[in-house]
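The following exercises concern the structure shown below. Each task is followed by a solution worked in steps.

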Amino acid sequence: MKIYTLKTVQKLPISLDKAWDFLSSPGNLKTITPDYMGFNIIAGADRPMFPGQIIQYVVTPVAGIKTKWVTEITHVKDKEYFVDEQRFGPYSLWHHKHFLKEIPGGVEMEDIVDYKLPFGPLGQIIHPILIAPKLKEIFDYRQKKLVELFGEYDESKTKNYTLKQDVLA
């Protein structure tokens with residue numbers, strides 16, 4: 001049983017509140033998913049995110065084949081992290097952790113996805129050919145779309161960041 005992990009980190013020049021408001025709203029997932037995937041939420045995104053929330057999607061990841069995907073939001077800690085887990089869909093396991101933290105000049109977002117493919121050895125064979133490149137493409141698209149929406153994080157503006165402290169004598 002092979003479990004794969006995908007990890008991405010991105011910095012954006014926005015406040016933690018703005019990042020949380022956007023990323024924790026299930027309806028915004030369509031915005032950061034490539035159009036060719038035909039991503040549509042069919043149920044469950046009508047409320048702010050909460051533990052136990054079930055969200056149903058239809059997605060067309062490969063060759064025009066529509067797939068129903070059902071996820072549950074299993075954990076939420078306001079402005080820190082949330083976790084979604086697949087309950088029904090194309091993977092044998094899908095556990096996606098989303099972390100946010102404030103940094104000088106913006107916010108750092110970290111995604112960690114642990115996933116397992118169906119079909120045993122056949123799944124392992126197609127992973128490097130089809131699945132890993134497709135997931136990389138999807139997360140690359142997300143990163144580009146978030147920059148388009150919120151701007152590019154500028155490291156040079158934070159290199160000279162110092163904490164000023166008044167010393168009382």
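**Exercise 1. Determine where lysine 145 and glutamate 148 lie and how their side chains interact.**

Step 1. Lysine 145 and glutamate 148 both belong to helix α2, 3 residues apart, which is about one turn of the helix. Helices (H or I, at least four residues) and strands (E, at least two) are DSSP runs, numbered from the N terminus.

Step 2. An α-helix has 3.6 residues a turn, so residues three or four places apart point the same way.

Step 3. The side chains of lysine 145 and glutamate 148 meet in a salt bridge of 3.0 Å, N to O. A salt bridge requires a side-chain nitrogen of Lys or Arg within 4 Å of a carboxyl oxygen of Asp or Glu.

Step 4. Lysine 145 counts as buried at 18% relative accessibility, whereas glutamate 148 is exposed at 59%. Buried means under 20% relative accessible area, exposed over 50%, and partly exposed in between (1.4 Å probe, protein chains only).

Step 5. The model is predicted: local features need pLDDT of at least 70, side-chain atom pairs count only at pLDDT 80 or more, and totals for chains, interfaces and linings use all residues. Residues are numbered from 1 along each chain as its sequence is written, and side-chain values use heavy atoms, with hydrogens and water left out.

**Exercise 2. Describe helix α2 at histidine 127, and state what its buried residues pack against.**

Step 1. Histidine 127 lies in helix α2 and is buried, with a relative accessible area of 10%.

Step 2. Not counting residues up to four places away in sequence, histidine 127 touches Tyr4, Tyr115, Leu117, Ala132 and Pro133; contact means heavy atoms within 4.5 Å.

Step 3. At histidine 127, α2 bends by about 70°, and proline 128 follows within four residues. The bend at a residue is the angle between axes fitted to the seven residues ending there and the seven starting there.

Step 4. The buried residues of α2 include Ile131, Leu135, Phe139 and Phe150. The buried residues of α2 pack against β1, α1, β6 and β7.

Step 5. After α2 comes glycine 151, with a positive phi near 95°.

**Exercise 3. Give the strand order of the open sheet and identify the strands at its edges.**

Step 1. The sheet has 7 strands in the order β1-β7-β6-β5-β4-β3-β2, with antiparallel pairing. Two strands pair if DSSP finds at least two bridges between them.

Step 2. β1 (4-12) and β2 (40-43) stand at the edges; each has a single partner strand, so one side of each is left without a neighbour in the sheet.

Step 3. Neighbouring strands are turned by 25° against each other on average, direction ignored. Axes are lines fitted to C-alpha atoms, for helices over the stretch in contact, and angles run from 0 to 180 degrees between N-to-C directions.

Step 4. β1 runs antiparallel to β7 (residues 106-116), and 9 bridges join them. Threonine 5 has aspartate 114 in β7 as its bridge partner.

Step 5. Helix α1 (residues 16-23) packs on the sheet, touching β4, β5, β6 and β7, and its direction makes about 160° with that of β6. Helix α2 (residues 120-150) lies across β1, β3, β6 and β7, at about 15° to β1.

**Exercise 4. Compare the hairpins β3-β4 and β4-β5.**

Step 1. β3 and β4 pair antiparallel over 8 bridges, with isoleucine 54 opposite glutamate 72 in β4. There are 2 residues between the strands of this hairpin, and alanine 63 in the turn has a positive phi of about 50°.

Step 2. β4 and β5 pair antiparallel over 7 bridges, and histidine 75 has valine 83 in β5 as its bridge partner. This hairpin has 3 residues between its strands, and lysine 79 in the turn has a positive phi of about 65°.

**Exercise 5. Which salt bridges do aspartate 17 and glutamate 155 form?**

Step 1. Aspartate 17 forms a salt bridge with lysine 79, the closest N and O atoms being 3.7 Å apart. Aspartate 17 is in helix α1 and lysine 79 in the loop between β4 and β5, 62 residues apart.

Step 2. Aspartate 17 is partly exposed at 41%, as is lysine 79 at 27%. Asp17, Asp78 and Lys79 are linked in a network of salt bridges.

Step 3. Glutamate 155 meets lysine 11 in a salt bridge of 3.1 Å, N to O. Glutamate 155 lies in the segment after α2 and lysine 11 in strand β1, so the pair ties together parts 144 residues apart in sequence.
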